[in-house]
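Please look through the sequence and the structure shown here, and then read the report that follows, which describes how some of the strands and helices are arranged.

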Amino acid sequence: MGTERLRFAPEMLARLGEELIPHPDLGIVELARNSYDADAISCEVSLLNVGELGGTIVVTDVGEGMTAADIRDGFLLLGRSGKVDDSVTARGRRKVGEKGLGRLAALRLGHEAVVRTRPKSEPGIEYAVHIDWARYDQAAAIEDVDLEVTSNETLEKPGTTIEIKNLRTPLADSDVRRLARSLVMLTGPFPDKGEDFTVTLDAPDFVELQKVVDAGFFEAANYMLRATLDENGQVAAYLLDGAGTILASGDHFAVTSSSTLGNHAGYMAPAAELEIWMFNRTRPSFTTQLTPALRKAYLAWLDEVGGVHFYQRGLRVHPYGDRGYDWLDMNVLQKRNPEERPGTNNSVGRVIVVADGGQLVPKTDRSGFVENSAFVELKEFVRASLEWAADVRLDRRDKRKIEEKKKTREKVKETQDKVDAALRLVPESVRPMVQQAVREDRAAMAERLEVVESDLMLYRTLSTVGTTTAVFAHETLRPVDTIEQMVGSIARRGERELGNERFVSVLGDPVDLIRRSAASLHTFAELPLELLKQRKRKWRDVDVNAVVQEITESFEPYFADARVSVSTDLSQASSAVVRSTIASIEAILANFLANSVAVFTSPAYQSTTREIVVRTEVSPDEVTLGVLDSGPGIVEIEKDDIWKPGKSTRNEGTGMGLTIVRDIVLDLKGKYWAVENGELGGAELYVSFPRINP
């Protein structure tokens with residue numbers, strides 16, 4: 001019996017390369033990171049006909065280059081980093097360190113790869129290696145294929161050129177844009193990034209993104225958070241205003257006390273720095289006039305670079321800070337108090353880790369770090385710092401409001417004293433009449449103030465109800481999903497055990513009822529979460545017909561469960577566009593529909609006729625939205641009272657739904673009205689808004 005050894009089939013190259021790395025840009029970015037480790041001052045990525053099969057990608061740098069030994073023991077050795085932890089280059093850079101799988105993925109984007117490198121330590125010499133992947137495909141094992149490293153004389157400067165030839169798959173426009181953003185953000189958009197290392201890509205997307213990113217609107221920040229985590233796991237944090245003045249500072253105990261996630265003893269994580277610039281999207285802190293062009297550029301910059309990015313040893317780590325990747329849950333926390341908490345669309349930040357001592361472990365697919373204890377603790381340091389800053393801002397806001405109320409009361413008292421003093425100067429013949437007018441005016445103001453305070457109390461209650469509802473809705477989705485999955489499982493098992501015919505006769509109706517009820521629950525669990533989406537709360541031109549279609553389709557399981565027939569009668573004459581928010585129109589329609597369905601499902605309603613029609617009408621000046629039903633109509637209450645807060649004909653009703661509708665309509669400069677018994681015999685509720693001509 002002879003000795004044997006492990007061998008690897010060529011298919012392993014695909015498993016470890018292109019199949020492991022989710023996007024082609026990640027592999028190309030790894031080549032740029034290699035250039036950084038090679039002490040290059042610049043790296044250029046060229047794309048030649050990459051939109052079609054057979055294109056070429058060329059990555060060139062002017063770094064230290066590689067010797068023949070470097071190629072053999074480093075570049076061609078996969079799975080082991082040739083970079084010593086925390087080793088420092090001649091330029092003072094700490095090497096990023098990776099295992100070559102991203103590089104492998106990049107090289108395998110084409111059918112061939114050619115590496116030419118000119119070591120600084122051997123002037124005038126160029127080493128080259130040609131990789132033909134077809135040879136591996138034809139071999140029995142990877143190690144059976146020999147690669148020859150050739151050397152030639154050259155006049156080119158030191159550095160490395162990698163050509164990835166004959167692309168297997170064309171790069172789509174989205175791939176090129178991803179690559180452009182990855183390369184632009186590799187060194188970051190921050191003011192102090194310097195010119196020690198630059199990356200360029202010969203693509204229009206890169207040029208446009210570079211212009212957006214380089215705009216650098218950091219001077220428009222309203223606040224800035226700075227926090228440090230030292231080698232002993234202790235935190236120090238500072239909140240500054242837009243001018244750089246320190247507003248508050250917090251030591252380790254203060255910062256960790258601000259968050260239930262804090263670690264009072266100290267974080268077991270590498271030393272790090274945190275910087276977050278916080279902006280107001282509508283009122284940036286510009287010293288110059290905010291022109292439309294400047295506002296557009298400012299918002300484009302925030303959209304492109306917003307979020308908290310992660311920089312390890314000088315280079316950005318994907319995917320932290322990517323669009324849609326809220327790794328710190330900033331947007332969720334922002335919903336608690338949108339005014340005083342940053343989100344990914346109104347802040348730009350970075351976590352900087354210079355030396356981590358191997359505590360942070362990159363994922364094999366190059367998409368961030370393994371969430372080990374060191375990374376989790378580092379993440380909690382950032383979140384605790386954000387919590388502390390939010391608390392400081394809330395305290396400042398509350399103190400400001402208290403001071404403003406105090407000043408207002410003093411101003412009112414001062415004004416009243418002035419009026420009383422002026423009254424004493426009025427001739428006695430007309431003084432009683434003037435005094436009576438002043439008393440009546442003050443009484444009217446007091447009455448108006450009472451109404452405003454009542455409305456304020458109502459909307460505070462609504463805010464609490466809305467927040468609680470959103471939390472319950474989010475938590476409800478999980479058990480509802482479980483119910484839907486389990487009823488499906490019961491149906492399959494029942495059909496298998498009883499046979500289809502007996503299952504339908506014995507369990508068909510109960511199972512169908514559970515399905516309809518679960519679907520109805522799903523609808524109402526998702527609705528408040530949909531209404532809270534930020535994009536739906538932005539002012540825009542809203543197509544009322546489109547909102548009607550979406551809401552009625554979303555409510556379909558709820559209608560089916562209540563055995564209600566709902567149809568739409570939408571105006572086709574012209575566009576039904578109004579200036580509003582999507583959430584406002586959705587809230588109006590949802591309240592109208594919920595009112596009608598509640599009538600049908602009440603114990604007092606005995607008729608089998610349950611019909612609702614949602615109608616829109618368009619005139620040159622107005623868009624009208626109405627909901628008509630076949631119920632008993634408006635009874636036991638005056639039709640004008642249904643819009644008043646607290647008025648409801650149902651014991652379980654809050655009396656706030658149509659009040660919300662009324663106030664939304666008034667804010668939109670619209671009208672609202674009701675018909676006791678209309679076309680279908682039941683109630684008709686209408687709203688109308690000024691029409692926008694698109």
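## Strands, helices and surface

In strand 21, the residue that stands opposite W673 is Y686. This pair belongs to a predicted model, and in it strand 20 and strand 21 pair in the antiparallel sense over 5 bridges. Strand 21 also pairs with strand 19, again in the antiparallel sense and over 7 bridges, and here L625 stands opposite V687 of strand 21. Of the 7 residues of strand 21, 6 are buried, so this strand is largely enclosed by the rest of the structure.

These strands belong to an open sheet of 5 strands with mixed pairing, in which the order is 16-18-19-21-20. Strand 16 (565-569) and strand 20 (671-675) stand at the edges with a single partner strand each, so one side of each has no neighbour in the sheet. On average, and with direction ignored, neighbouring strands of this sheet are turned by 15° against each other. At the strand 16 edge the pairing with strand 18 (residues 611-618) is parallel and runs over 5 bridges, with V614 in strand 18 as the bridge partner of T568.

Two helices lie against this sheet. Helix 14 (residues 544-554) lies across strand 16, strand 18 and strand 19 (622-629), and its direction makes about 165° with that of strand 18. Helix 16 (residues 582-600) packs on the sheet by touching strand 18, strand 19 and strand 21 (684-690), and runs at about 20° to strand 19.

A second open sheet has 7 strands, again with mixed pairing, in the order 10-9-8-11-14-12-13. Its edge strands are strand 10 (246-250) and strand 13 (315-316), each of which pairs on one side only. Within this sheet, strand 8 (residues 223-229) and strand 9 (residues 235-241) run antiparallel and are joined by 7 bridges, and T228 stands opposite A236 in strand 9. Helix 9 (residues 292-305) lies across strand 12 (307-312) and strand 14 (347-353), with an angle of about 35° to strand 14.

The strand pairs described so far can be set side by side in a small table.

| Strands | Sense | Bridges |
|---|---|---|
| strand 8 and strand 9 | antiparallel | 7 bridges |
| strand 16 and strand 18 | parallel | 5 bridges |
| strand 19 and strand 21 | antiparallel | 7 bridges |
| strand 20 and strand 21 | antiparallel | 5 bridges |

Some single residues can also be placed with care. S367 sits in the loop between strand 14 and helix 11 (373-423). Is S367 buried or exposed? Its relative accessibility is 16%, and because buried means under 20%, S367 counts as buried. When its neighbours within four places in sequence are left aside, S367 is in contact with H318 and P319.

At the surface, L498, V506 and L507 form a nonpolar patch, and together they have about 200 Å² of accessible area. Of these residues, V506 is found in helix 13 (residues 500-531), and with a relative accessibility of 42% it counts as partly exposed.

Helix 17 (residues 657-667) has L658, T659, V661, R662, D663, I664 and V665 as its buried residues. After helix 17 comes K669, whose phi is positive, near 60°.

How values were computed: Residues are numbered from 1 along each chain as its sequence is written. This is a predicted model: local features need pLDDT of at least 70, side-chain atom pairs count only at pLDDT 80 or more; totals for chains, interfaces and linings use all residues. Side-chain values use heavy atoms; hydrogens and water are left out. Two strands pair if DSSP finds at least two bridges between them. Helices (H or I, at least four residues) and strands (E, at least two) are DSSP runs, numbered from the N terminus. Contact means heavy atoms within 4.5 Å. Axes are lines fitted to C-alpha atoms, for helices over the stretch in contact, and angles run from 0 to 180 degrees between N-to-C directions. Buried means under 20% relative accessible area, exposed over 50%, partly exposed in between (1.4 Å probe, protein chains only). Patches are made of residues with over 30% relative accessible area and no salt bridge: like charges are joined within 9 Å, nonpolar side chains (Val, Leu, Ile, Met, Phe, Trp, Tyr) within 5 Å. Accessible areas come from the Shrake-Rupley method with a 1.4 Å probe; for residues, only the protein chains shown count as cover. A salt bridge is a side-chain nitrogen of Lys or Arg within 4 Å of a carboxyl oxygen of Asp or Glu.
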